[in-house]
Amino acid sequence: FEKKGFLPMRCLKDNFIMSHRDQIRSHIVGFVNLVLKPAADWFEGLMAEGMKWISTAVSSVATAAGMKQWDKRLAEHVADTASGSCLASINEAVTALTQAQ
């Protein structure tokens, strides 16, 4: 508040805020403890239960639709493709090194 043009803010701080600082702080802390913490705890519990419900629902749908086997086949395909790609890259590197010699 030392910059030019901040005199009204400095005046407000010195005459109102600093004289009532402890009272303002107690109201803010009370608001946090009374309203925000319970709301955050409620929301956290709600999200935890929601995620359990969604996970169960998705698992049930996946089982009913035969997605478990599809997931397994997809994982195998990705692993095979990744290993094939890796081996191709290694073979290209070996060929390039051999040609560079």
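Q: Which element gives the largest share of the nonpolar patch?

A: In this predicted model, helix 1 supplies the largest share of the nonpolar patch, with four residues. The patch lies on the surface and is formed by Phe6, Met9, Leu12, Phe16, Ile17, Met18, Ile24 and Ile28. Together these residues have about 690 Å² of accessible area. Helix 1 (7-17) and helix 2 are the elements that give two or more residues to the patch.

Q: Where does phenylalanine 16 lie, and what is its relative accessible area?

A: Phenylalanine 16 belongs to helix 1. Its relative accessible area is 44%, so the residue is classed as partly exposed. Patch members need over 30% relative accessible area, and phenylalanine 16 is one of the residues that form the nonpolar patch.

Q: How should one read a pairing of charged side chains, and how many salt bridges does the structure hold?

A: In general, side chains of opposite charge can pair when their charged atoms come close. Here the structure holds one salt bridge. The side chains of lysine 52 and glutamate 49 meet in it, with an N to O distance of 3.5 Å; the cut-off is 4 Å.

Q: Why can lysine 52 and glutamate 49 meet, given their places in helix 2?

A: An α-helix has 3.6 residues a turn, so residues three or four places apart point the same way. Lysine 52 and glutamate 49 are three residues apart in helix 2 (residues 21-64), which means that about one helical turn separates them.

Q: Are the two partners, lysine 52 and glutamate 49, buried or exposed?

A: Lysine 52 is exposed, at 52% relative accessible area, whereas glutamate 49 is partly exposed, at 48%. The cut-off for exposed is over 50%.

Q: How does the span of helix 2 agree with its 44 residues?

A: The idea is to set the expected span, at 1.5 Å a residue, against the distance between the end C-alpha atoms. For helix 2 the expected span is 64 Å and the end C-alpha atoms are 62 Å apart, so the two values agree. Helix 2 nevertheless bends by about 35 degrees at valine 32. After helix 2 comes glycine 66, which has a positive phi, near 75 degrees.

Q: What pattern does the chain follow, and what percentage of its residues is buried?

A: The pattern along the sequence is α-α-α, with three helices and zero strands. Of the 101 residues in the chain, 1% are buried. The chain exposes about 9000 Å², of which carbon and sulfur atoms supply 67%.

How values were computed. Residues are numbered from 1 along each chain as its sequence is written. This is a predicted model: local features need pLDDT of at least 70, side-chain atom pairs count only at pLDDT 80 or more; totals for chains, interfaces and linings use all residues. Side-chain values use heavy atoms; hydrogens and water are left out. Buried means under 20% relative accessible area, exposed over 50%, partly exposed in between (1.4 Å probe, protein chains only). Accessible areas come from the Shrake-Rupley method with a 1.4 Å probe; for residues, only the protein chains shown count as cover. Patches are made of residues with over 30% relative accessible area and no salt bridge: like charges are joined within 9 Å, nonpolar side chains (Val, Leu, Ile, Met, Phe, Trp, Tyr) within 5 Å. The expected span of a helix is 1.5 Å times one less than its number of residues. The bend at a residue is the angle between axes fitted to the seven residues ending there and the seven starting there.
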